Amino acid sequence: MSDTDTRFMKLALSLGRRGQGACWPNPAVGCVLVRGTRVIGRGWTQPGGRPHGEVMALAQAGNATGATAYVTLEPCAHHGQTPPCAQALIDAGVARVVVAHEDPDPRVNGGGIAMLRAAGIEVATGVLKQTAARDHAGFLSRVTRGRPMVTLKLANSFDGRIATATGESQWITGPAARRYVHALRARHDAVMVGGGTARADDPSLTVRGLGVTRQPVRVVLSRHLDLPLDCQLARSAREVPVWLCHGPKADPALVSAWQGLGAETLEIPLSQGRIDMTKLLQALGARGLTRVFSEGGGAVAASLLTAGLVDDLVGITAGLVLGAEGRPSLAAMGIERLATAPRFTLVELRDLGGDVLHHWRASTPQV
């Protein structure tokens with residue numbers, strides 16, 4: 001791996017991140033075209049999943065003959081709604097392609113690299129592969145595990161409370177933390193909350209103040225679908241997608257009412273009286289979601305953790321205490337021995353406008 005390859009792949013990765021949260025079910029791919037030491041084209045997967053990053057970079061370059069293409073994920077090799085990106089690179093006359101990570105999608109899975117090599121193009125793989133694996137973790141998870149990656153956010157007081165005993169919660173953390181949460185929403189395909197949070201807070205769950213072009217899907221878990229039909233989610237369901245995940249015994253009249261408001265409803269099996277989180281994520285993955293951002297409440301968070309479904313854990317801790325009578329950020333998890341508790345590895349720790357951001361990752365690699 002040369003310093004030049006590393007430098008340009010870093011650029012391609014940074015470009016690819018611009019598509020996160022906006023291009024599902026497709027991966028957020030970045031591409032840089034270089035002739036000599038000069039960048040002649042840059043691109044990333046556009047909102048809605050197309051055009052792909054390679055196509056965008058080739059269009060910007062105009063003439064890519066003899067260039068080197070740096071791509072964060074193996075170029076696709078199949079005909080979908082657009083022709084294969086591998087063929088586009090071949091037709092453009094590039095001389096070399098550098099790939100960060102292979103694409104495990106059965107429709108590709110080495111096929112893109114094979115097409116390039118069969119056309120006489122030099123291909124190098126594995127440049128900054130671990131970084132690419134993190135950037136594409138959601139897509140890789142959906143393809144290999146049948147579910148999206150999950151980021152769980154817990155914003156609470158120093159003593160782990162999300163509200164006072166009376167339910168007051170606005171605001172425990174400061175403006176910088178709230179803006180950071182909006183940025184996290186923007187980088188995920190969906191924002192997910194439980195029915196209790198939806199009833200108590202009447203949230204919009206949209207990204208505000210960042211100029212996003214594609215809002216995340218709002219996913220709400222409500223076993224009985226007993227949500228107010230005049231809440232913010234109901235009023236905006238035709239403008240920003242709302243997916244309501246309910247149990248088998250939800251009132252059909254409520255299912256019909258929500259569908260009439262523009263929401264989509266998904267029936268999910270129950271496990272021990274609650275929505276089965278594994279089946280839920282499989283259903284979301286089957287619908288194309290790659291990255292899910294869970295914001296609460298305590299029962300949803302505890303269920304995800306207990307089932308071992310949390311890939312990234314984001315904590316934002318404020319410098320105030322609410323005491324034992326305050327509402328905890330997590331419901332009971334039934335843990336009696338430390339050996340059975342979910343473990344995470346710290347990847348980031350910093351000040352966030354007076355609050356503390358701590359970002360953790362599942363200790364056992366999930367992808």
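Is Arg 287 buried, partly exposed or exposed? Arg 287 counts as partly exposed, because its relative accessibility is 34%. That residue returns in one of the close-ups below, and all of the views come from a predicted model.

**View 1. Five strands line up in an open sheet.** Reading across the sheet, the order is β2-β1-β3-β4-β5, and the pairing is mixed. The edges belong to β2 (38-44) and β5 (122-125); each has a single partner strand, so one side of each is left without a neighbour in the sheet. From one strand to the next, the twist averages 15°. Two helices join the picture here. Helix α1 (residues 3-16) packs on the sheet and touches β1 (30-35), β2, β3 and β4, with a direction that makes about 140° with that of β1. Helix α2 (residues 53-61) lies across β1, β2 and β3, and runs at about 140° to β2.

**View 2. Strand β4 sits between two parallel partners.** On one side, β4 (residues 96-99) pairs with β3 (residues 68-71) over four bridges, and here Val 71 stands opposite Val 99. On the other side, four bridges join β4 to β5, where Arg 96 faces Glu 122. Follow the side chains along β4: Arg 96 and Val 98 point one way, Val 97 and Val 99 point the other way, and all are buried.

**View 3. Salt bridges with shared partners make a network of Asp 5, Arg 96 and Glu 122, while Asp 312 pairs with Arg 361.** For Asp 312 and Arg 361, the closest N and O atoms are 3.4 Å apart. Asp 312 belongs to strand β15 (residues 312-317) and Arg 361 to strand β18 (residues 355-362), so this salt bridge ties together parts that are 49 residues apart in sequence. Asp 312 counts as buried because its relative accessibility is 5%, whereas Arg 361, at 24%, counts as partly exposed.

**View 4. Arg 287 meets Glu 264 in a salt bridge.** Here is the residue from the opening question, with an N to O distance of 2.1 Å to its partner. The two come from distant parts of the chain, 23 residues apart: Arg 287 is in the loop between α11 (277-286) and β14, and Glu 264 is in strand β11 (residues 264-267). Glu 264 is partly exposed, with a relative accessible area of 36%.

**View 5. Asp 226 and Arg 199 form a salt bridge.** Their closest N and O atoms are 3.1 Å apart. Asp 226 is in the loop between β9 (217-221) and α9 (232-235), and Arg 199 is in helix α8 (residues 195-201), 27 residues apart. Asp 226 is partly exposed at 39% relative accessibility, and Arg 199 is partly exposed at 40%. The count for the model comes to 14 salt bridges.

**View 6. Helix α6 packs its buried residues against three elements.** In α6 (residues 137-145), the buried residues are Ala 137, Gly 138, Phe 139, Leu 140 and Ser 141. They pack against α5 (129-135), β6 (149-156) and β14 (291-296). After the helix comes Gly 146, with a positive phi near 75°.

**View 7. Leu 346, Leu 349 and Val 356 make a nonpolar surface patch.** The patch covers about 260 Å². Leu 346 has its place in strand β17 (residues 344-352) and counts as partly exposed, at 39% relative accessibility.

Definitions and conventions. Residues are numbered from 1 along each chain as its sequence is written. This is a predicted model: local features need pLDDT of at least 70, side-chain atom pairs count only at pLDDT 80 or more; totals for chains, interfaces and linings use all residues. Side-chain values use heavy atoms; hydrogens and water are left out. Two strands pair if DSSP finds at least two bridges between them. Axes are lines fitted to C-alpha atoms, for helices over the stretch in contact, and angles run from 0 to 180 degrees between N-to-C directions. Contact means heavy atoms within 4.5 Å. Patches are made of residues with over 30% relative accessible area and no salt bridge: like charges are joined within 9 Å, nonpolar side chains (Val, Leu, Ile, Met, Phe, Trp, Tyr) within 5 Å. Accessible areas come from the Shrake-Rupley method with a 1.4 Å probe; for residues, only the protein chains shown count as cover. A salt bridge is a side-chain nitrogen of Lys or Arg within 4 Å of a carboxyl oxygen of Asp or Glu. Buried means under 20% relative accessible area, exposed over 50%, partly exposed in between (1.4 Å probe, protein chains only).
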